[in-house]
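Hi,

Here is the structure we talked about. Please open it first, then read my notes below.

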Amino acid sequence: MKNVFPKDFLWGGAVAANQCEGAYKEGGKGLSVQDVMPHGLRGGRADKPTEDNLKLDGIDFYHRYKTDIALMAEMGFKVFRTSIAWSRIFPNGDDDEPNEEGLKFYDDLFDECLKHGIKPLVTLSHYEAPLALAKKYNGWLDRRTIGFFTKYAKTVFTRYCDKVKYWLTFNEINALMKAPFMCGAIDTPAEELNEQDLYRAMHYQLVASAAAVGLCHEIIPDAKIGCMILGVTVYPLTPHPDDVIKTMLRDRETYQFADIHAKGKYPAYLIKYFERKGIDADITPADEEALENTVDFISFSYYSSICETADLTRGEMTGGNLSRGFKNPYLKASAWGWQIDPQGLRYTLNKLYDRYGLPLFIVENGLGAEDELITLQNGEKTVNDDYRIEYLSAHLAEVAKAIEDGVPVMGYTAWGVIDLVSASTGEMRKRYGLIYVDRNDDGSGSMERYRKKSFDWYRRVIESSGAVLEN
Ligand code: BGP
């Protein structure tokens with residue numbers, strides 16, 4: 001088979017500010033919602049930052065980014081996805097003026113990437129809104145948050161217009177409905193929110209996302225901006241028509257977000273749903289106009305697939321952070337119970353392209369596993385992570401098939417390319433990296449970086465433009 005990856009394919013890796021930067025109160029940064037979520041999505045909320053929160057120091061990327069970017073350059077990265085911590089730029093979210101020290105940090109970080117020929121791909125909001133917005137406004141449940149967000153977006157577009165040409169608005173925007181505090185800075189406990197509250201918050205985020213798209217096009221005409229969805233890939237558990245319909249409905253929970261970003265308006269099925277349930281999502285004519293700013297591409301995260309059934313007694317539930325479903329009897333799972341399904345990635349790419357006809361970008365994919373750091377005879381430390389190489393190469397082989405199917409894939413950024421703190425569990429133990437970071441769940445460790453076996457494998461993949469995947 002000939003090598004199908006285009007020459008300009010954007011090979012790289014991804015992280016998020018809150019999971020790697022640390023330095024949670026340096027450089028004038030305000031607190032973010034993550035600073036009070038010590039044990040990730042699964043754990044409870046604390047009143048203030050506590051020592052057991054590994055994100056407070058992360059992997060100290062804030063101070064070590066030069067070394068880390070150099071390692072990424074060694075792998076031949078064309079692109080590096082990270083996020084801007086909103087609370088470094090507007091510490092309280094509603095400040096009059098941005099924090100110059102925060103802006104300067106990202107200037108330096110992006111310059112460092114560009115120095116190595118790496119293009120930054122920047123997420124505006126990756127589960128890390130300023131905590132003050134949660135306390136003062138109830139986050140995305142308040143329409144005023146749209147204004148705070150667009151001011152922030154305008155500030156960073158203006159500042160980095162010459163440096164950043166690829167942008168994403170909200171990370172996994174569809175996750176808001178499942179995790180309103182982490183994704184929406186909504187202070188009200190999730191169990192006290194009704195459906196209308198959630199749909200309003202969703203609507204405000206969608207309007208803000210579209211407004212950011214419009215601003216980006218205006219301020220950086222040669223940039224491309226996309227939405228980012230949690231690519232929940234769902235199969236019917238059985239061929240029973242009830243299961244198929246249930247799967248269609250579950251799909252819409254994901255696609256409603258991409259539908260609006262790509263088509264610029266609410267889909268008919270959602271309008272009908274609001275009518276039936278008597279939901280007032282507070283959609284104004286000005287909002288409808290703002291939504292017409294549609295995205296240039298669709299990006300998504302892909303880790304696994306799940307099954308759906310109408311008969312809840314039939315199946316067993318999978319693991320997963322925000323995308324749990326029923327177990328597929330044909331698939332194996334990771335140690336955290338996430339089902340491994342490389343073919344599901346080809347299926348998802350085709351499905352999204354059939355639906356939207358827009359270029360696609362896989363901005364997260366990887367295997368969270370426990371690694372063992374070993375010392376080789378020459379004294380070098382490494383991890384023999386053949387399991388990770390197997391996972392990544394199987395998924396990339398399916399990306400190649402999707403490209404052969406005719407899907408325009410812009411690029412691929414492996415998630416957690418350097419070990420970082422897990423979003424769902426707050427652990428270091430669940431490692432995704434091709435670069436090992438010496439930090440443990442109890443906070444011990446030197447923070448030293450070591451190349452895993454997958455590091456050299458990925459370097460060869462990029463160097464050969466994917467050709468080595470065939471061997
Ligand atoms: C996605 C998030 C990331 C990341 C990843 C892996 O949902 O966008 O932030 O963490 O999942 O999840 P986890 O860290 O829970 O293993």
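I began with helix α10. Ala268, Glu275 and Arg276 are exposed on one side of α10. On the other side, Tyr269, Leu270 and Phe274 are buried. Down the axis of α10, the buried residues fall within an arc of 140°, so they line one face of the helix. An α-helix has 3.6 residues a turn, so residues three or four places apart point the same way. The cover over the buried residues of α10 includes α8 (195-219), α9 (241-263) and α12 (342-356). Gly278 follows α10, with a positive phi near 65°.

Keep in mind that this is a predicted model.

Next, the nonpolar cores. The largest has 147 residues. Among its members, Ile84, Tyr106, Phe157, Tyr160, Trp167, Leu349 and Tyr458 touch the most others. Helix α8 gives this core its largest share, 13 residues. Another core lies apart from it. That one has ten residues, including Leu168, Phe297, Val363 and Met410.

Tyr106 deserves a look on screen. Leaving out residues up to four places away in sequence, Tyr106 touches Ala17, Glu21, Ser83, Ile84, Ala85, Arg88, Ile89 and Tyr160.

Last, the cavities. There are seven of 30 Å³ or more. The second largest has a volume of about 110 Å³. Its lining is made of 13 residues. Leu230, Gly231, Tyr303, Ser304 and Ser323 lie nearest the centre of this cavity. What classes make up the lining of the second largest cavity? Six residues are nonpolar, seven are polar and none is charged.

Best wishes

Conventions: Residues numbered from 1 in each chain as written. Predicted model: local features only at pLDDT ≥ 70, side-chain atom pairs only at ≥ 80, totals over all residues. Heavy atoms only, no water. Buried < 20%, exposed > 50% of the residue type's maximum accessible area, 1.4 Å probe, protein only. Helix = DSSP H or I, 4+ residues; strand = E, 2+ residues; numbered from the N terminus. Arc of directions from axis to C-beta. Contact = heavy atoms within 4.5 Å. 1 Å grid on protein atoms, 1.4 Å probe; cavity = no way out; pocket = protein on both sides within 12 Å on 5 of 7 lines; lining within 4 Å. Points joined across faces, edges and corners; volume = space filled by probe spheres on them. Nonpolar A, V, L, I, M, F, W, Y, C, P; charged D, E, K, R; others polar. Core = buried A, V, L, I, M, F, W, Y, C linked by side-chain atoms within 4.5 Å.
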